[in-house]
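Trainee: Please take a close look at the aromatic rings in this structure, and set them in the context of the chain as a whole. I am new to it and would like each term explained as it comes up.

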Amino acid sequence: MGRSRAVHLSWITTVVGGDRIAYRNSLAALAVAVTASLVAGITLATTTETLEELPGLLLLVPAALAVKGNIFGALGSRLGTSIHAGVFQLSPRLDTVVGQNTAAALALSLVVSVELALLAKGVAVVFDVTPTMSTAAFVTVSALGGAIASLVVLIITLLLAGGSVRFGWDLDNVVAPLVTATGDVITLPALVWAAALADIGGVTTTLALVSTAVSVPVAVWGIFSPRPVLRSIMRESLPILTVACVLDLIAGITIEKRLDDFVAYPVLLILLPGFLGTAGALGGVLSSRLATKVHLGLISPGARPRGQAGSDLVMVVSLCLPAFALAGIGAELGGLLTGQGSPGLWQIVAVSMLGGLLATFAVMIVAYYTTLVAIRFGLDPDTYGIPMVTSSLDFVGAFTLILALVVVGVA
């Protein structure tokens, strides 16, 4: 009996990469994130009229959701590293690490939201997504919805950081899923509320002009700030976040082009935020863990993962199947509760798990080699890892989800 138990525990240790506590914490955080994402999915599924009245809004949704995860997930990752390094101090003062990180996150949120709106309109024109909202409507929806969501997600991120110090959590294991979940829950309703203003001509134009005018000096202030941490984050983040926005918008185009399939089975709209969020959260967990271990000198990335890096990759694979199964079951349950059409439980779960497994392999490749490239060029993997991973996964995840729909026979 004792030998059987020992063998069983040894098998679990092998599967989860040798860190059962990290596995349990990550799985619990992913479960909370998937459950919370149902709120975002139900919001999306019950606003199909708004999606049709404001063409191009669905194009913006994956990118707007990802912006919050990119900015505040990276913030959480940097704070997690500072906790491990023993330099964390929860203070709003601009001369502290937390103060400069907070200021950078808020500045980036405004600047990237406006940039995202302008890019969305440009990408819609280039890829012939017609008709679409006006440029002013894009800016109003993105900037106003983003501002509301940013304040809430920032508070949650700081509370998680403070809680990790107080209760001994490893922030790397929980921040990406929980920030993603908070961003999904808050951002989608905020976008829908902001979209209501897109129908009011004078108000829309005024809000768009004010948002754009304010974002420019905010960007200049951050880039040339005398505060070294703030300046470094702004300079390193803006280029990678711009690339991330483009990838997210291409993911949005993929979904916008299949709008009829999603409207035919609105439960797919319930699944969408949880599916993309789970893929991004898995990448965030892996990226955060790798970045912290690089900073602490515990791993030295090479062409092939070795040691603790390999264990982290194994852990992510073991997390993906239960997480995506839960996302599929949750989407079907949400559809039943709200009366949304569905192809059936098994089809939805199969789509989620198949698409999720394919996306997870992309997670491992992108997270590991993004960390490797950041180190080779002397950049902070905390700042580069999560934005690149989550946005790449939105891009890849949109394709793997559509592919799974076709393979399973739903679309």
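Mentor: Of the 411 residues of the chain, 57% count as buried, where buried means under 20% relative accessible area, exposed means over 50%, and partly exposed covers what lies in between, with a 1.4 Å probe and protein chains only. This is a predicted model, in which local features need pLDDT of at least 70 and side-chain atom pairs count only at pLDDT 80 or more, while totals for chains, interfaces and linings use all residues. Residues are numbered from 1 along each chain as its sequence is written, and side-chain values use heavy atoms, with hydrogens and water left out.

The overall fold comes before the rings. The chain has 14 helices and 0 strands; these elements are DSSP runs numbered from the N terminus, a helix being H or I over at least four residues and a strand being E over at least two. Contacts are defined by heavy atoms within 4.5 Å. Among the contacts with a separation of 6 or more, 83% are between residues 24 or more positions apart. The chain exposes about 16,000 Å², of which carbon and sulfur atoms supply 68%; accessible areas come from the Shrake-Rupley method with a 1.4 Å probe, and for residues only the protein chains shown count as cover.

Now to the rings themselves. A search of the whole structure finds 2 aromatic pairs. Rings of Phe, Tyr and Trp (its six-membered ring) pair if their centres lie within 6.5 Å; planes under 30 degrees apart count as stacked, over 60 as edge-to-face, and the rest as tilted. One of the pairs joins F275 and F324, with 5.3 Å from centre to centre and 50 degrees between the planes, and is tilted. It links distant parts of the chain: F275 belongs to helix α11 (residues 267-295) and F324 to helix α12 (residues 308-338), 49 residues apart. Both F275 and F324 are buried.

Y368 and Y369 form an edge-to-face pair, because their planes stand at 90 degrees, with the ring centres 5.0 Å apart. The two tyrosines differ in exposure: Y368 has 3% relative accessibility and so counts as buried, whereas Y369 has 35% and so counts as partly exposed.

Helix α13 (345-376) also takes part in a feature of the surface, since it and α14 (381-408) are the elements that give two or more residues to a nonpolar patch. That patch of about 320 Å² is made by L354, L358, L403 and V407. Patches consist of residues with over 30% relative accessible area and no salt bridge; like charges are joined within 9 Å, and nonpolar side chains (Val, Leu, Ile, Met, Phe, Trp, Tyr) within 5 Å. A salt bridge is a side-chain nitrogen of Lys or Arg within 4 Å of a carboxyl oxygen of Asp or Glu. L358 lies in helix α13 and, at 35% relative accessibility, is partly exposed.

Cysteines deserve a word as well. A disulfide is a covalent bond between the sulfur atoms of two cysteines. With the criterion of a pair of cysteine sulfur atoms within 2.5 Å, a search of the whole structure finds 0 disulfides. C320 is buried, at a relative accessible area of 0%, and C245 is buried too, at 2%. C245 lies in helix α9 (residues 228-257). Apart from neighbours within four places in sequence, C245 is in contact with V67, V112, L116 and L119. The C-alpha atoms of C245 and A117 are separated by 9.6 Å, although these positions lie 128 residues apart along the chain.

Two polar residues complete the view of the interior. S150, in helix α6 (residues 135-167), is buried at 3% relative accessible area. Leaving out residues up to four places away in sequence, S150 touches K68, F72 and S109. T102 is placed in helix α5 (residues 97-126) and is buried at 14%. With the same exclusion of residues up to four places away, T102 touches L75, L154 and L158.

By contrast with these buried positions, V214 in helix α8 (residues 201-223) is partly exposed, at 38%. V214 and V111 are 103 residues apart in sequence and 8.6 Å apart in space, C-alpha to C-alpha.
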